[in-house]
Amino acid sequence: MSDTLAGALSQLKKAASYTDVPDEVLEALSFPKEVLTARISVRMDNGARRSFEAWRCRYDDTRGPTKGGIRFHPDANLEEVVTLAFWMTFKCAVANLPYGGGKGAIRVDPSKLSRRELERLSRAYVHAFASMIGPDRDIPAPDVYTNAMVMGWMADEYSSLVGYPCPAVITGKPIPLGGSLGRDGATAKGGFYVLNNLLAEVGLENCERRAVVQGFGNAGATIAAMLHQDGWKIIAVSDTGGCVHDGCGLDPQKLAEAKKEHGSVIGYAKGVSGGKVTTMERDEMFALECDLLVPAALEDQITKDNAGAINASVIMELANGPVTAEADKVLEEKGVTVIPDILANAGGVTVSYFEWVQNRQGFYWTEEEVQHKLRPIMDRESAAIWRLSQKKSITLRTAAYVLGLERIAEAIQAHGTQNYFCP
Ligand code: NAD
């Protein structure tokens, strides 16, 4: 078992010790319900055939169909998919959505594929996993290095396979194919609502408002822009190309332009004169003194090796699993508050749920309606988790797991005892 999966399960076990949930529930939630591995063959533009490893996991469907993104990444692997599906199970329960958790991935570097190769690969994924996914069974969405365009191809392929338009099979689609307004920035927006809800509680109300953001994709670029607009100083931002730093604050709009032009936020340093902007190795940013650190790249970024150097008051996890279980202990001892992923980034899956609802009812909402429905969910669940953490004197992460676990256990109980009578 990978350290990441072991760490995730240890967090569940810790949370369980603050509940009356029976051991058999804990045991059931310690393993994925269904995992499928496939080798996908695709014709490249040069005529050659290449094959790719791919996975889909339905971790637990007690509370409803499984829900979770599809990642295209050169380091993707089965254990990562299972861990991400585990986190999705608890995230959906924390947001109180009628879903279980799932996840999928292809081991590929999509930047090395042409657009047509990427489309063939996306469609081939749907062919390989068609028996597993479905609007009432398992509903994928975008994740790292997949986007609305990929979701559109996948929804189109699934619709061709079943013989009728089936937009509800996938979320995060382009708007003309049944995507929801407000889905693009939903992950960051949800995090922004959570942060503002807990601002006084986590001691940030009167801080200097200095933020550091790791990752400048869908989640990272959007939260940087939202914080900037709200008066925060974005003092450092990184992506795979490196990190840019300016104690006086970076402009997220110009960062986005630099990334577009130069392929990395590092390009920002080229376009600014005056010598205030510096570049650094991408992980050096963790040691910068700031009020808020937002990891928005990948899992396992803050580990026992660099957690000691963290100089932030609060970490808000927009990425899934950016802080390892060992690092969590170090941060707790240092007094750094962590707003956990299964709460902080739940805005994305919540608006995905809205998209699925709109697809099924065939009636679409305005962006205002989407925001109007998202905010109360983030407000309600962040307040509940804060209260639980205070009542039981536990971290926000443990409180979030306690809340999710109790909801899943309640659903297991409500399902009854059919399993005792079936062979
Ligand atoms: P994305 O592909 O749009 O962006 C990822 C960004 O991270 C890129 O800018 C990339 O350059 C950067 N990056 C990768 N490795 C890095 C490293 N070692 N150091 C610094 N930067 C690095 O992905 P995204 O959709 O923004 O997802 C980011 C994280 O948020 C993932 O953990 C994902 O699972 C999580 N998440 C995303 C959503 C969503 O709706 N997009 C929802 C929930 C959670």
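Trainee: In which helix is the place of L161?

Mentor: The model is a predicted one. L161 is partly exposed, as its relative accessible area is 41%. The stretch that holds L161 spans residues 148–162, and this is helix α5.

Trainee: Which residues make a nonpolar surface patch with L161?

Mentor: A patch residue needs over 30% relative accessible area, and L161 has 41%. The patch covers about 260 Å². The residues that make it together with L161 are V162 and Y164.

Trainee: How many salt bridges does the structure hold?

Mentor: The criterion is a side-chain nitrogen of Lys or Arg within 4 Å of a carboxyl oxygen of Asp or Glu. By that criterion, the number of salt bridges in the structure is 30.

Trainee: How many residues apart in sequence are the parts that R123 and D156 tie together?

Mentor: R123 and D156 form a salt bridge, with their closest N and O atoms 3.0 Å apart. R123 lies in helix α4 (residues 115–129) and D156 in helix α5, so the pair joins parts whose separation in sequence is 33 residues.

Trainee: Which residue of this pair is buried, R123 or D156?

Mentor: Buried means under 20% relative accessible area. D156 has 39% relative accessibility and therefore counts as partly exposed. The value for the other partner is 19%, so the buried residue is R123.

Trainee: Which residue meets E289 in a salt bridge?

Mentor: The N to O distance of this bridge is 3.6 Å. The pair links distant parts of the chain, 79 residues apart, with E289 in the loop between β9 (278–280) and β10 (290–295) and its partner in strand β6 (residues 210–214). E289 is partly exposed at 49% relative accessible area, whereas the partner is buried at 14%. The partner is R210.

Trainee: In which strand is D239, the salt-bridge partner of K259?

Mentor: The side chains of K259 and D239 meet at 2.9 Å, N to O. The two residues are 20 apart in the chain, with K259 in helix α8 (residues 252–262) and D239 in the strand of residues 233–239, which is β7.

Trainee: Is D239 buried or exposed?

Mentor: The cut-off for a buried residue is under 20% relative accessible area. K259 counts as partly exposed at 26%. The relative accessibility of D239 is 7%, so D239 counts as buried.

Trainee: Which residues are linked with K33 in a network of salt bridges?

Mentor: Each link in such a network joins a Lys or Arg nitrogen to an Asp or Glu oxygen. The basic members are K33, R58 and R137. The residues linked with K33 are E34, R58, D61 and R137.

Trainee: What is the orientation of helices α1 and α10 to each other?

Mentor: Helix α1 (residues 3–16) packs against helix α10 (residues 325–334) with the axes 8 Å apart, at an angle of about 55°. In this packing, G7, S10, Q11 and K14 of α1 meet A325, D328 and E332 of α10. Roughly parallel would require under 35 degrees and roughly perpendicular 65 to 115. The two helices are therefore oblique.

Trainee: What is the relative accessible area of E299?

Mentor: E299 lies in the loop between β10 and β11 (312–316). Beyond four places in sequence, E299 touches R71, E80, L84, W87, N320, G321 and P322. E299 is buried, with a relative accessible area of 10%.

Trainee: What is the relative accessibility of A54?

Mentor: A54 lies in strand β2 (residues 49–60). Leaving aside residues up to four places away, A54 touches L36, T37, A38, I40, A105, I106, Y125 and F129. A54 counts as buried, and its relative accessibility is 0%.

Trainee: How far apart are the C-alpha atoms of E53 and R107?

Mentor: E53 is also placed in strand β2, and E53 is partly exposed at 31% relative accessible area. Among the residues that E53 touches are A38, R39 and R107. E53 and R107 are 54 residues apart along the chain, and their C-alpha separation is 5.6 Å.

Trainee: In which strand is D291 found?

Mentor: D291 counts as buried at 5% relative accessibility. The residues D291 touches include R210, W232 and V314. D291 is found in strand β10.

Terms used:
Residues numbered from 1 in each chain as written. Predicted model: local features only at pLDDT ≥ 70, side-chain atom pairs only at ≥ 80, totals over all residues. Heavy atoms only, no water. Patch = residues over 30% accessible without salt bridge, like charges linked within 9 Å, V, L, I, M, F, W, Y side chains within 5 Å. Areas by Shrake-Rupley, 256 points an atom, 1.4 Å probe, with all protein chains shown as cover. Helix = DSSP H or I, 4+ residues; strand = E, 2+ residues; numbered from the N terminus. Buried < 20%, exposed > 50% of the residue type's maximum accessible area, 1.4 Å probe, protein only. Axes fitted to C-alpha atoms, helices over the stretch in contact; angles between N-to-C directions. Parallel < 35°, antiparallel > 145°, perpendicular 65-115°, else oblique. Contact = heavy atoms within 4.5 Å.
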